[in-house]
Amino acid sequence: MTILCVRFQLPPMYEAALPQLLGLLEEFTPVVEALPPDGALADLRGAERYFGRDAVELASVIRVRSLALYGVDCVTGAGPGPMLARMALRDARPGLTRAVPEGGVREFLAGKPVVALPGVGTATARTLCEYGLDTLGRVAAAPLSTLQRLVGAKAGRELHEKAQGVDRGRVVPNGVSRSLATERPFARDELDPGRHRRALLSAAGELGSRLRAVDKVCRTLTLTVRYADRSATTRSRTLKEPTAHSAALTRAAYGMYEALGLQRARVRSLSLRAEGLAPAEQASHQLTFDPVDEKARRIEEVADRARAKFGPRAVMPGSLAA
């Protein structure tokens, strides 16, 4: 177990603390990959030898220091590779690191549903389940040729390897990506798709106003859905053109949400992240003759001026688009 996947339990809109927490991890290893808004991967191969402790013991030290220095708790998964560490994180709890030993990888994966494997979306999982391949153990035991016929040659080979515990990923050191994020937690686990959509509308409106306030546009939008069982689904979409237009961000968010095909999912929170930020003056903009779109952009300009004059709560993000 040489890779840690750490999720810091940061309060909403407090992701500015992430660089400091990454610095805490870098006291143990220089090989740290940020996973905004609240996580990181850390390769502890050198640290285990240097400190004479295994990854689970080092995870306990990291948690204590995080609590003592920043008042932030964390949950940690450990495994032989990044994929396994991420999957182990889903079973972790504060104060209890979920570790996958190298000799127990297949046992750890065998009973898990196929959708638990990173990279397996709803459509792929549905196809596999139709043929009785509903767990990773069954996928691992299936012939490679069968998987390739079902999901394609390349995807079938990757799926077969991952289900058998072959983790070819690596931790790539980086900094916190230049991005903006917002989260909409629910007071109680929410089943109503209508409330999900209203939360996305509000989040996209806030992101748009924040982007316009700093004269930036984003190229990619990422949606993270956190469920009642503490698991999460993340999807990203590259936009047709870099934008800070709230309506465009809302359409992209709705599209990703609908593609998940959630059925009676108990959602704990929804978050959106705008990535690939660039100066607005450097972005090209496709001219449109749609009067509805032009009206929405004019309303955005008025709302932005109101926020600048009377404060951020002068106009609630998303309210004008409702």
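**Exercise 1. Work out what share of the contacts in this predicted model join residues at least 24 apart, counting contacts between residues at least 6 apart in sequence.**

Step 1: Take the contacts in the chain between residues at least 6 apart in sequence.
Step 2: Of those, 66% join residues at least 24 apart.
Step 3: For context, the chain has 322 residues, and 45% of them count as buried. Its secondary structure comes to 12 helices and 10 strands.

**Exercise 2. Find which element of the chain has the lowest mean pLDDT and which has the highest.**

Step 1: Start with the whole chain, where pLDDT averages 85 and 84% of the residues score at least 70.
Step 2: Now go element by element: helix H12 (residues 291-310) has the lowest mean, 60, while strand S4 (residues 74-79) has the highest, 95.
Step 3: Keep a reading rule in mind: where pLDDT is low, predicted coordinates should not be read in detail.

**Exercise 3. Check the span of helix H11 against its number of residues, then decide whether H11 is enclosed.**

Step 1: H11 runs over residues 246-260, which makes 15 residues.
Step 2: At 1.5 Å a residue, the helix should span 21 Å.
Step 3: The C-alpha atoms at its ends are 21 Å apart, so the two values agree.
Step 4: Of the 15 residues, 11 are buried, so H11 is largely enclosed by the rest of the structure. Among the buried ones are Ser 246, Leu 249, Tyr 254, Met 256 and Leu 260.
Step 5: Just after H11 comes Gly 261, whose phi is positive, near 60 degrees.

**Exercise 4. Classify the aromatic pairs that involve Phe 51.**

Step 1: A search of the whole structure gives two aromatic pairs.
Step 2: The rings of Phe 28 and Phe 51 have centres 5.5 Å apart and planes at 50 degrees; planes between 30 and 60 degrees are called tilted, so this pair is tilted.
Step 3: This pair links distant parts of the chain, 23 residues apart: Phe 28 sits in the loop between helix H1 and strand S2, and Phe 51 in helix H2.
Step 4: The rings of Tyr 50 and Phe 51 have centres 5.0 Å apart, with planes at 85 degrees, so that pair is edge-to-face.
Step 5: Together, Phe 28, Tyr 50 and Phe 51 form one aromatic cluster.

**Exercise 5. Sort the three cluster residues into buried, partly exposed or exposed.**

Step 1: Phe 28 has a relative accessible area of 9%, under the 20% cut-off, so Phe 28 is buried.
Step 2: Phe 51, at 36%, is partly exposed.
Step 3: Tyr 50 reaches 70%, over the 50% cut-off, and therefore counts as exposed.

Methods: Residues numbered from 1 in each chain as written. Predicted model: local features only at pLDDT ≥ 70, side-chain atom pairs only at ≥ 80, totals over all residues. Heavy atoms only, no water. Helix = DSSP H or I, 4+ residues; strand = E, 2+ residues; numbered from the N terminus. Expected span 1.5 Å × (residues − 1). Buried < 20%, exposed > 50% of the residue type's maximum accessible area, 1.4 Å probe, protein only. pLDDT = per-residue confidence, 0-100. Contact = heavy atoms within 4.5 Å. Phe/Tyr/Trp six-rings, centres within 6.5 Å; stacked < 30°, edge-to-face > 60°.
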